[in-house]
Amino acid sequence: MPHIWKTAGLAMAKGLAACLRRLTPDEIEGLGHQFRVAVPDVARRHATEIFARELINPSRGCIYDTKNNGEELLMQRTADLGFTTLFDVGANEGHWATEALENYPRARIHCFEIVPSTFKVLQERFAAEPRVVANAFGLGDQEGFIKVHVSSNSKISSMHKFNGSGATVAQDCKIDTGAAYCQRQDISKIDFLKIDTEGGESRVLQGFRPLLDAGSVRLIQFEYNRGAIESRFLLNDFYKFFSEVGYAVGRLTGRGVEFRDYHYSQEDFAGPNYVACPAADRALIEAISLR
């Protein structure tokens, strides 16, 4: 009989997860507060908190499911805006770029993958795709080499050594700046810049600073999670950075982007993704905002 209860519990968890994905952070926070007040029993509250942590734990794949976390929705809502130049920084094996090719038929995608072994997979995947430019280096705030902790799970290879990430091999990998790359490629504007570099996001953004100062990057999707702990660059710092260049910031959800001013309660290292765009681009903000 225990397996029956386990199956029923998993089914309930999936249903609850689907409901939670439709809520904004404020709604979830309010719901959690009400539940704690209504359930004073310490043991039950503790059990509920454990259940909640397990339910939204990134390792379970809940918030990294692109069909539900807003990534696919963001592409769909901007598919008709005429995007032609996309950057995929931290392209890994090319999953995001594959979806982007489908949603932006006129776009050329510049992919950057810093780990040589992962780059080979990326290169093979798009060998026959003329719209993809595969680059065997990463982007950061300087030109040269950095030490990367390469994991057997390519998705968590990082310049940071994460606690509990298992065995890794340190490898010196090549990086450049986004601004220098754009100058060499004669690229004056970027329609969509996606960054997923496991804690290196702030450095990537610094490397694009000249373009951001000019408002030449229309849409940015960047990852915010435990990497912010290791990089010591918090969500608050992202907000301050984008404020300096006149960009609005919001969390990407399954119902769109929740643009809002920063509050300390947002510093949860869960993300998984936030979005930034020029605050003056009202048409874009309206197209992608929470509905």
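**Exercise 1. In this predicted model, find which helix gives the most residues to the lining of the largest cavity, and describe that cavity.**

Solution.

Step 1. Helix H10 contributes the most to the lining of the largest cavity, namely 3 residues.

Step 2. The cavity has a volume of about 50 Å³, and the model holds 2 cavities of 30 Å³ or more.

Step 3. The lining consists of Gly199, Glu201, Ser202, Glu223, Tyr224, Asn225, Gly227, Ala228, Ser231, Phe233 and Phe238. Two elements, helix H8 (201–207) and helix H10 (227–231), give two or more residues each.

Step 4. Sorted by class, the lining has 4 nonpolar, 5 polar and 2 charged residues.

**Exercise 2. Do the same for the second largest cavity: state its volume, its lining and the elements that supply at least two residues.**

Solution.

Step 1. The volume is about 30 Å³.

Step 2. Around this cavity stand Gly70, Leu73, Leu74, Arg77, Leu252, Gly256, Val257 and Ile288.

Step 3. At least two lining residues come from each of helix H4 (71–78) and strand E10 (256–259). H4 gives the most, with 3 residues.

Step 4. The classes are 5 nonpolar, 2 polar and 1 charged.

**Exercise 3. Place phenylalanine 222 in the fold, decide whether it is buried or exposed, and list what it touches.**

Solution.

Step 1. Phenylalanine 222 belongs to strand E8 (residues 217–223).

Step 2. Its relative accessible area is 0%, so phenylalanine 222 is buried.

Step 3. Leaving out residues up to four places away in sequence, phenylalanine 222 touches Ile195, Glu201, Phe238, Phe242, Val249, Pro272, Asn273, Tyr274, Val275 and Ala276.

Step 4. One of these partners, phenylalanine 238, is 16 residues away in sequence, with a C-alpha to C-alpha separation of 9.8 Å. Phe238 is also among the residues that line the largest cavity.

**Exercise 4. Which residues of helix H11 are buried, and against which elements do they pack?**

Solution.

Step 1. Helix H11 covers residues 235–244, and its buried residues are Leu235, Asn236, Phe238, Tyr239, Phe241 and Phe242.

Step 2. These buried residues pack against H8, helix H9 (209–213), E8, strand E9 (247–253) and strand E11 (273–278).

Step 3. Just after H11, glycine 246 has a positive phi of about 80°.

**Exercise 5. Compare the surroundings of glutamate 198 and arginine 232, two residues with positive phi.**

Solution.

Step 1. Most residues other than glycine have a negative phi. Glutamate 198 has a positive phi near 50°, and arginine 232, also not a glycine, has one of about 60°.

Step 2. Glutamate 198 is in the loop between strand E7 (190–195) and H8. Arginine 232 is in the loop between H10 and H11.

Step 3. With a relative accessible area of 8%, glutamate 198 is buried, whereas arginine 232, at 64% relative accessibility, is exposed.

**Exercise 6. Where on helix H6 do the buried residues lie, and what is the setting of valine 115?**

Solution.

Step 1. Valine 115 sits in the loop between strand E2 (108–112) and helix H6 (116–125). At 2% relative accessibility valine 115 counts as buried. Its C-alpha atom is 7.3 Å from that of valine 150, which is 35 residues away along the chain.

Step 2. In H6 the buried residues are Thr118, Phe119 and Leu122. Viewed down the helix axis they fall within an arc of 100°, so they line one face of H6.

Step 3. This buried set packs against E2 and strand E3 (132–135). The face turned away from the buried side carries exposed Lys120 and Glu124.

**Exercise 7. How many helices and strands does the chain have, and where does pLDDT stay under 50?**

Solution.

Step 1. The chain has 12 helices and 11 strands. Buried residues make up 46% of its 291 residues.

Step 2. The mean pLDDT is 83, and 73% of the residues reach 70 or more.

Step 3. pLDDT stays under 50 over residues 33–40, where the model has 6 contacts beyond four places in sequence. The value is also under 50 throughout residues 43–62, with 18 such contacts.

Step 4. Where pLDDT is low, the predicted coordinates should not be read in detail.

How values were computed
Residues numbered from 1 in each chain as written. Predicted model: local features only at pLDDT ≥ 70, side-chain atom pairs only at ≥ 80, totals over all residues. Heavy atoms only, no water. pLDDT = per-residue confidence, 0-100. Contact = heavy atoms within 4.5 Å. Helix = DSSP H or I, 4+ residues; strand = E, 2+ residues; numbered from the N terminus. Buried < 20%, exposed > 50% of the residue type's maximum accessible area, 1.4 Å probe, protein only. Arc of directions from axis to C-beta. 1 Å grid on protein atoms, 1.4 Å probe; cavity = no way out; pocket = protein on both sides within 12 Å on 5 of 7 lines; lining within 4 Å. Points joined across faces, edges and corners; volume = space filled by probe spheres on them. Nonpolar A, V, L, I, M, F, W, Y, C, P; charged D, E, K, R; others polar.
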